Amino acid sequence: MSEKITAELRTEFGKGAARRIRRADKVPAVVYGHGNDPIHLTLPGHDTMMAIKHLGANALLELDIDGTSQLALTKQVQVDPIRRVLEHVDFVAVRRGEKVTVDVPVLVVGEAARETLVVSDTSTVQVEAEATHIPESFEVDVTDAEAGTQFLAGGLDLPKGTTLLTDPETLLVNVTAQVEQDLGEEPEAAEGDEAAEGDADSGEGAGDDAAEGGDEE
């Protein structure tokens, strides 16, 4: 699945040129791959951001470059940390039917059995898939899973044409028993409080004696 974006060839480079592009609500981008020279582009900011947000980490875009179509797989996205807008995008050129290696997110869904803790050990797995059929994510369903249950990479449900490259024995999600908070230190704290109260009482007594002595004088 891909989305079509109209791109413009970029002839200006450097920080100043990039700032001018962003002020025009556009995004500087580069397409690498297939032994060709990098293609420097300018993309429409809003449309590109929405396409990447909709398609996920491995967004596949169909770039229209001066009437020529180029499939491009998103590899690196730079986002302004404050304004949350795209600053730059790196793509890898791909062809239909071509196999690519990508990291796909692993999502945990469902609720495990009561009094358990669900720990996610691995957030992505690496697979080989056709460029036009890259899975957006894989789900690990922990519904009613008991403590001691482990979910491994080899147990993922892979779509046809997708090959797992991550070690099948890689632990993805671990369901453990929930550990209750140890309240054993409370008595010590209480003893400490008593000691503090004793010191306070001694101080008060000394203060009273001093006050009485003063009165006598």
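**Exercise 1. Is E8 buried, partly exposed or exposed, and at what relative accessibility?**

Solution. Start with the model. It is predicted: local features need pLDDT of at least 70, side-chain atom pairs count only at pLDDT 80 or more, and totals for chains, interfaces and linings use all residues. Residues are numbered from 1 along each chain as its sequence is written, and side-chain values use heavy atoms, with hydrogens and water left out.

Step 1. Take the classes: buried is under 20% relative accessible area, exposed is over 50%, and partly exposed lies in between (1.4 Å probe, protein chains only).

Step 2. Place the residue. E8 has 41% relative accessibility, so E8 counts as partly exposed.

**Exercise 2. Find the salt bridges and describe the residues in them.**

Solution. Step 1. Apply the rule: a side-chain nitrogen of Lys or Arg within 4 Å of a carboxyl oxygen of Asp or Glu. The whole structure holds two salt bridges.

Step 2. Take E8 and K26. Their side chains meet at 3.1 Å, N to O. E8 sits in strand β1 (residues 3–9) and K26 in strand β2, so this pair ties together parts 18 residues apart in sequence. Strands here are DSSP runs (E, at least two residues), and helices are DSSP runs too (H or I, at least four), numbered from the N terminus. K26 is partly exposed, at 29% relative accessibility.

Step 3. Take R83 and D80. Their side chains meet at 3.8 Å, N to O. R83 is exposed, at 54%. D80 is buried, at 12%.

**Exercise 3. Describe the largest pocket.**

Solution. Step 1. Know the term. A pocket is an open set of points on a 1 Å grid over the protein atoms alone, where a 1.4 Å probe fits, with protein on both sides within 12 Å along at least five of seven lines; lining residues have an atom within 4 Å of a point.

Step 2. Give the volume: about 250 Å³ for the largest pocket.

Step 3. Name the lining. There are 13 lining residues, and the closest to the centre are R22, D25, K26, V85 and L86. The elements giving two or more residues are α1 (15–23), β2 (26–32), α2 (45–55) and β6 (86–94).

Step 4. Sort the lining: four nonpolar, two polar and seven charged residues. Asp, Glu, Lys and Arg count as charged.

**Exercise 4. Sum up the whole chain.**

Solution. Step 1. Count elements: three helices and 13 strands.

Step 2. Check burial: 30% of the 217 residues count as buried.

Methods:
Points joined across faces, edges and corners; volume = space filled by probe spheres on them.
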